Amino acid sequence: MARRVSVPELIGRRAELAALQAALADTASGGQVVLIQGDAGVGKTRLVQTFAQRARAAGSTVLTGGCLQFEADIPYAPFVEALRGLPDAPPLLGNGAVGDRGAEFRRVADAVAAAGGPVVLVIEDLHWADASTRDLLLYLHRALATAPVLLVGTHRADEVAADHPVATLVAELARSPRTERVTLAPLDRAEVISLAGAILGAPPSGEMVEALISRAEGNPFFTEELLAAWPTRGSVPGTVREVVITRLARLSTAAQQLARLASVVGRTVPHDLLAGLATMPAADLDAALRELVDHGQLVTVEPDAYAFRHALIQESLYRDLLPGERRHAHARVAATLRDRPELAVTVSAAGVAAELAHHWDAAGEPNEALSASLLAAGAADEGLAPAEAHAHYERALRRWPEVSDPGIDLDALLDRAAEAASLAGHNHRAVELTTQRLSGLDESAEPERAALAYEKLSYQARSAGDWDLARRTSERALELVPADSPARLRIASWPVAMDMLAGRFRSCLRRAEELLPQAERAGDDMATNRCLMALGIGHLMLGHVDTGLGYLHRQHEFAHRVGNPRFIGVGYVNLPEGLMWTDRHVEALRLAREGVERARSLGFDIYLLPIVGNVIRALAELHRWDEALDSRDDPYDPAIDPFNWVFIDLPRADVLIKRGELDTAEELLKRTGAVLDGQDDVQYGTELAALRSQLAGRQRRWADARAFVRDGLRLAFTGEDMYLAARLVAVGVRIEADALDDARVHGDPADAPATVSAADELLSSLDRYRSTMEASGAVPLPRTLRVLGLARAERTRLDASPDPDAWSAIADLSSVDRHLCAYARFREAEALLQSRGSRTRAAEALTQAQTIATELRADPLAAMIHTLADRARLPLSATPAPGVSTPDTPDLTARELEVLTLIGRGLTNAEIAAELFISTKTASVHVSNILRKLNLKSRIQAAAYAQRRG
């Protein structure tokens, strides 16, 4: 006879419960988040359930949902479950709702906020969260910032590695001062004894305690299961699975069969579904269920269902099924749900379809699996959940060859699967799917369909970073499309966009101006969008700022009016970037951050990383370098196209080089090179060449540095971006001057005339290029003028008498580029000293340079400044940069100074609280005060400040 499990009151966890209760109290001043992590079985669910009971008893509205473990995800499954607790719960997209996903997110937020506060929204098992659930949770965290709502999430620590998508979600939530992280540790010896005593009704023997601690290692669930399975003779089971199976074997045959059948459904099983599955009289069913509940296998849950007491029980029972048993059970579940869909765990169109697809597939029934997968994919498409749709389409493709009458032709299935993959940011897979699709098309019989497929393949290839394939397939699409085809405008507009992306701005303007009126008359939204974007970028990059920004804003408005998520996404990529090209960095940052939120609400990862890259670039150019380098909230998807990391890696590598963190910069540039090498990507390939050359110069690899400049210029001169060409020439001239200085310092042989000749040839090539561009109407942007002047100033370093005024002019032009200003002031002082000019002016220039370099923590530049000052015996002012607190005069209380020291040691809020014998919430308040008083943006900055302070 199996031992009955009497689940005791929560043992220990007083601090964790207190943290939850404190967070709930804090919702009076705005939304709060508590993330609870720990190993499977450590007690996360028990803790949350205990807290939820107390919160509900105190008058809070408690909404609870759990993520599901399926091969292909069910979008929003935990929220569908949680929102059932609201009388007027809004439908989520793909579950009966239509329209803009962002608007649906807003309705969910409004419904939760209006549920009757305070509200506790619990989402369990985040380690299984689908992409749409993650997006919605992040949205609610921001949207409910001022509402009396506590968001509680649980996840298994051992299933969320650093490269797990949920790790990014947790990191981003944890950045907020409104978020508390709670880690559940195993029970200590005293708590294990208390737990055992509560279950047994008497103190456990010493032998039993030692066995429990040895086998269960303080894990509450395993401890409880070991006690329930404790043998009267023989050995103690050694694993959770052995324990669960041992206990199950002591139950009746009917209870065993029912438990195994329930494990196939999942963690939660509606009563009517279980009754429909069971092949036994009602009285026997009730008796078996009573046995399972009494012995702790199942617990009853509202409104009319059962749940395994712990997910590990369900997982262990499922894994113990033989393959044949498993397939047969899945088939029974699927057949029951097909006939009675209202019995599904998630009673929504998307949920039922996904459950059916999962069960039919696991049952080995290809016809039913394919049909259900298509329904699930369609529901995910409708819900703007492309990652989930892609997973369902892939399963349909896997089953398609096994089905005699699939109900969909392979061409259509491949087309839908490729589109979903592309929207999810997996363009390498989209290229494979579209290539497979084209292999089955008869180009002579269906030229229009083939042409549209080639156009899509070209777009997908470009998005994956394969320029050669993109160009070849774009040309093939134009060759195939009939002259009178309605698709011709769309197909003809893609080469216009390709010209824009390749930096051929004059060509893209000519073609876009011709096509735009035709596209607008024909109502071709895709062609219209592409032409507006090309006209905006083309004019802007040729220096026609007002015209270019006008078209970009027009595209932005058009995209939102039409409501096409692709148009909206690409607008948030290009408009912020265009604003940065015109030195409007604050506006660009605001719009880029808005774009990140919009991309997440739309669910399209194809745009997320490029827009995040704009955020990073804007932060970098605003000299908020710590924030630009903070990668904790970077989106992560192991299947995302490597090309997408280019947008993030390049601006970070630039900052890292300026900071002197060369090893890290080199790793980022290697990752970018793996994508761009061999591709003629003018914009990013030229930027990569400039950064590689700078890095090689810092490492005194002069031959490599020169080679990178040569290769980059060959690429830059094929495009029409004067800034990129001028920047690379400025880098090249500096390399020549630095190499000559280095040779002189180290006593190496140097060919000064050859160096001067090389620098002059670089400048001459730039002059020829610039003349050609300006003759066609191009106008240099202010940022282009800065690097043009920089290139000329670098050349004066090779003269017998350097020109300090050339450097002074660059510094005066560089109010928006403070690092360049500091560098120019340093070179101005150097030129003054070399030409025996004013030492006072040199000292002033060096002091200004030092102030900026110190503030930016631009260590290489700071070292050069100090070396020059020491050689010239010039004093440097210790005056800090304006608005920056110093270690000598912090406006901090004694307690805040203690907390700052602990931040410098890397302690979390909870660890600080334990160290100082204060509450975690009090520690959080101290941390927030420190950041505010010291004008810092993050804990990373605070830690760095504390370490510098010593």
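## Salt bridges, helix packing and cores in a predicted model

Arginine 490 and glutamate 455 form a salt bridge in which the closest N and O atoms are 3.0 Å apart. This pair links distant parts of the chain, with arginine 490 in helix H23 (residues 488-501) and glutamate 455 in helix H21 (residues 447-463), 35 residues apart. Arginine 490 is partly exposed, with a relative accessible area of 23%, whereas glutamate 455 is buried, with a relative accessible area of 1%. The structure is a predicted model, and the values in this report are computed from it.

### Helix H23 and its surroundings

Helix H23, which holds arginine 490, has 14 residues. From its first C-alpha to its last H23 reaches 21 Å, close to the 20 Å expected at 1.5 Å a residue. Of the 14 residues of H23, 11 are buried, so the helix is largely enclosed by the rest of the structure. The buried residues are Leu489, Ile491, Ala492, Ser493, Trp494, Pro495, Val496, Ala497, Met498, Asp499 and Met500. They pack against H21, helix H22 (467-480), helix H24 (505-522) and helix H25 (525-541). H21 is also the helix that carries glutamate 455, the salt-bridge partner of arginine 490. Just after H23, glycine 503 takes a positive phi of about 80 degrees.

### Other salt bridges

Side chains of opposite charge can pair when their charged atoms come close. The count for this model comes to 60 salt bridges. Three of the pairs are set out below.

| Pair | N to O distance | Citation |
|---|---|---|
| Arginine 490, glutamate 455 | 3.0 Å | closest N and O atoms |
| Aspartate 320, arginine 260 | 3.6 Å | side chains meet |
| Glutamate 432, arginine 429 | 2.9 Å | side chains meet |

The salt bridge between aspartate 320 and arginine 260 links distant parts of the chain: aspartate 320 lies in helix H14 (residues 311-320) and arginine 260 in helix H11 (residues 253-265), 60 residues apart. Aspartate 320 is partly exposed at a relative accessible area of 25%, and arginine 260 is partly exposed at 22%.

Glutamate 432 and arginine 429 are instead placed within one helix, H20 (residues 427-439). Because they are 3 residues apart in H20, about one helical turn separates them. Glutamate 432 is partly exposed, with a relative accessible area of 46%, and arginine 429 is partly exposed, with a relative accessible area of 28%.

Salt bridges also join into a network, whose members are Arg734, Asp738, Asp741, Glu794, Arg797, Arg827 and Glu830.

### Packing of H25 and H27

Helix H25, one of the helices against which the buried residues of H23 pack, also packs with helix H27 (residues 565-581). Their axes are 11 Å apart and the packing angle is about 10 degrees. Angles under 35 degrees count as roughly parallel, and H25 and H27 are therefore roughly parallel to each other. On the H25 side the contact is made by Asp525, Met526, Asn529, Met533, Ile537, Leu540 and Met541. These meet Phe567, Val570, Gly571, Asn574, Gly578 and Trp581 in H27.

### Nonpolar cores

In soluble globular proteins, nonpolar side chains tend to be buried together. The largest nonpolar core in this model has 150 residues, of which Ile537, Val729, Phe826, Leu846 and Leu861 touch the most other members. Helix H35 (residues 722-746) gives the most to this core, with 14 residues. Ile537 is also among the H25 residues that meet H27.

Leucine 861 touches His819, Ala822, Tyr823, Phe826 and Ala853, leaving aside residues up to four places away in sequence. A second, separate core has 41 residues, including Ala259, Leu274, Phe308 and Ala369.

### Positive phi in two loops

Most residues other than glycine have a negative phi. Arginine 700 has a positive phi of about 60 degrees although it is not a glycine. Arginine 700 is found in the loop between helix H33 (682-698) and helix H34 (702-716), and is partly exposed, with a relative accessible area of 43%.

Arginine 836 likewise is not a glycine and has a positive phi of about 55 degrees. Its place is in the loop between helix H39 (818-834) and helix H40 (839-856). At 77% relative accessibility, arginine 836 counts as exposed.

### Alanine 809

Alanine 809 is found in helix H38 (residues 804-813) and counts as partly exposed at 38% relative accessibility. Its C-alpha atom is separated by 53 Å from that of leucine 35, and the two residues are 774 residues apart along the chain.

Methods:
Residues are numbered from 1 along each chain as its sequence is written. This is a predicted model: local features need pLDDT of at least 70, side-chain atom pairs count only at pLDDT 80 or more; totals for chains, interfaces and linings use all residues. Side-chain values use heavy atoms; hydrogens and water are left out. A nonpolar core is a set of buried Ala, Val, Leu, Ile, Met, Phe, Trp, Tyr and Cys residues joined through side-chain atoms within 4.5 Å. Buried means under 20% relative accessible area, exposed over 50%, partly exposed in between (1.4 Å probe, protein chains only). Helices (H or I, at least four residues) and strands (E, at least two) are DSSP runs, numbered from the N terminus. Contact means heavy atoms within 4.5 Å. A salt bridge is a side-chain nitrogen of Lys or Arg within 4 Å of a carboxyl oxygen of Asp or Glu. The expected span of a helix is 1.5 Å times one less than its number of residues. Axes are lines fitted to C-alpha atoms, for helices over the stretch in contact, and angles run from 0 to 180 degrees between N-to-C directions. Angles under 35 degrees count as roughly parallel, over 145 as roughly antiparallel, 65 to 115 as roughly perpendicular and the rest as oblique.
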